[in-house]
Amino acid sequence: MQSSKQLYDNLLQQITAYESQEAKEIVFWLMEFYLGLRKIDILSDKSFEKAIDWATIIERLNTHEPIQYILGETEFYGRRFLVNDSVLIPRPETEELVKYIVDKQKNQLPVTNNQLSILDIGTGSGCIAISLAKELPNFKVTAYDISEKALETAKTNAELNKADVTFEKVDILSSQLSNIHYPLSIIVSNPPYVTKQEIDRMQKNVLDFEPHLALFVEDSEPLIFYEAIANFAFNNLTDNGLVAVEINEALGEETAEVFRRKGFSEVEIIKDIHQKDRFVSAVLHKKDGE
């Protein structure tokens, strides 16, 4: 039998890549994941017997590899999602985007099921699409991504969470003007929005491990994905359809202007829990005959 408190202290001492408080949370997370020991178990020095290759885990942590990739999973909107280096690690801010859409729909009564549909553009792990499919079961949910590996992960996560989502390999930059087979009620996206000039300010655990395809845009075209989404949404949203996107906090007004210029109404810049410009939402009111 081994002492959980002693193991906690040993692991904490070996983690050198993180500040003290973050290192403590990581150790609690590791011990719960691998040993099933909760924080209260560790504080009360509950004993255990299971042997784990801690040296390899600590070595990976000290190269700044995110703990979510080491564990192979994370939590998003109260559900378990598998993650790997082909998908971004879901952020708490993105949970706010899901909550915003869910809250928007709560008091809206559906007419018929086939008139309600959601498209998630650039789905990655599938966390947005799957969460919305679970929270809004009367909506048909489709998700696009350009990455085959990301789509494989998203499909696995849909099965894991028993969510009915249709996944398609689509490059929104080349499909922005096309029309799909049915009108969309909601389009949501957390597209790439980090400019190359911001690289020097990024943390190593993001820059060295998370997929650049899902992170970066060229400095010369920082809003390229929002322009494509606005074009696509204009062609495919139903009347009073909603588009909601996560944004670069430094480009809130510029992103909102993309949707205003395209003809959207009720364009809002929404702050996240840290009071940073984090989302833009807009509504499409179609004119007669469109």
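**A mixed sheet, its helices and its cores**

User: Happy to start with the sheet: in what order do its seven strands lie?

Analyst: This is a predicted model, in which local features need pLDDT of at least 70, side-chain atom pairs count only at pLDDT 80 or more, and totals for chains, interfaces and linings use all residues. Residues are numbered from 1 along each chain as its sequence is written, and side-chain values use heavy atoms, without hydrogens and water. Strands (E, at least two residues) and helices (H or I, at least four) are DSSP runs numbered from the N terminus, and two strands pair if DSSP finds at least two bridges between them. The sheet is open with mixed pairing, and its order is β7-β6-β5-β8-β11-β13-β12.

User: Which strands stand at the edges, and why is one side of each left without a neighbour?

Analyst: Each edge strand has a single partner, so one of its sides has no neighbour in the sheet. From one strand to the next, the twist averages 15°. The edge strands are β7 (165-169) and β12 (265-271).

User: Good to know! Which residue stands opposite Val245?

Analyst: Strand β11 (residues 237-246) pairs with strand β13 (residues 277-284) in the antiparallel sense over six bridges. Opposite Val245, in β13, stands Val280.

User: At about what angle does helix α11 run to β11?

Analyst: Axes are lines fitted to C-alpha atoms, for helices over the stretch in contact, and angles between N-to-C directions run from 0 to 180 degrees. Contact means heavy atoms within 4.5 Å. Helix α11 (residues 224-236) lies across β5, β6, β8, β11 and β13, and its angle to β11 is about 160°.

User: Which element gives the most to the largest nonpolar core?

Analyst: Such a core is a set of buried Ala, Val, Leu, Ile, Met, Phe, Trp, Tyr and Cys residues joined through side-chain atoms within 4.5 Å; buried means under 20% relative accessible area, exposed over 50%, and partly exposed in between (1.4 Å probe, protein chains only). Of its 34 residues, Ile187, Val243, Phe259 and Phe264 touch the most other members. Elements giving two or more residues include β8, β11 and α12 (252-262). With seven residues, the top contributor is α11.

User: Within what arc do the buried residues of α4 fall?

Analyst: In helix α4 (residues 54-61), the buried residues are Trp54, Ile57, Ile58 and Leu61, while Ala55 and Glu59 are exposed on the other side. The arc is that of the directions from the helix axis to the C-beta atoms. The buried residues line one face of α4, because seen down its axis they fall within 95°.
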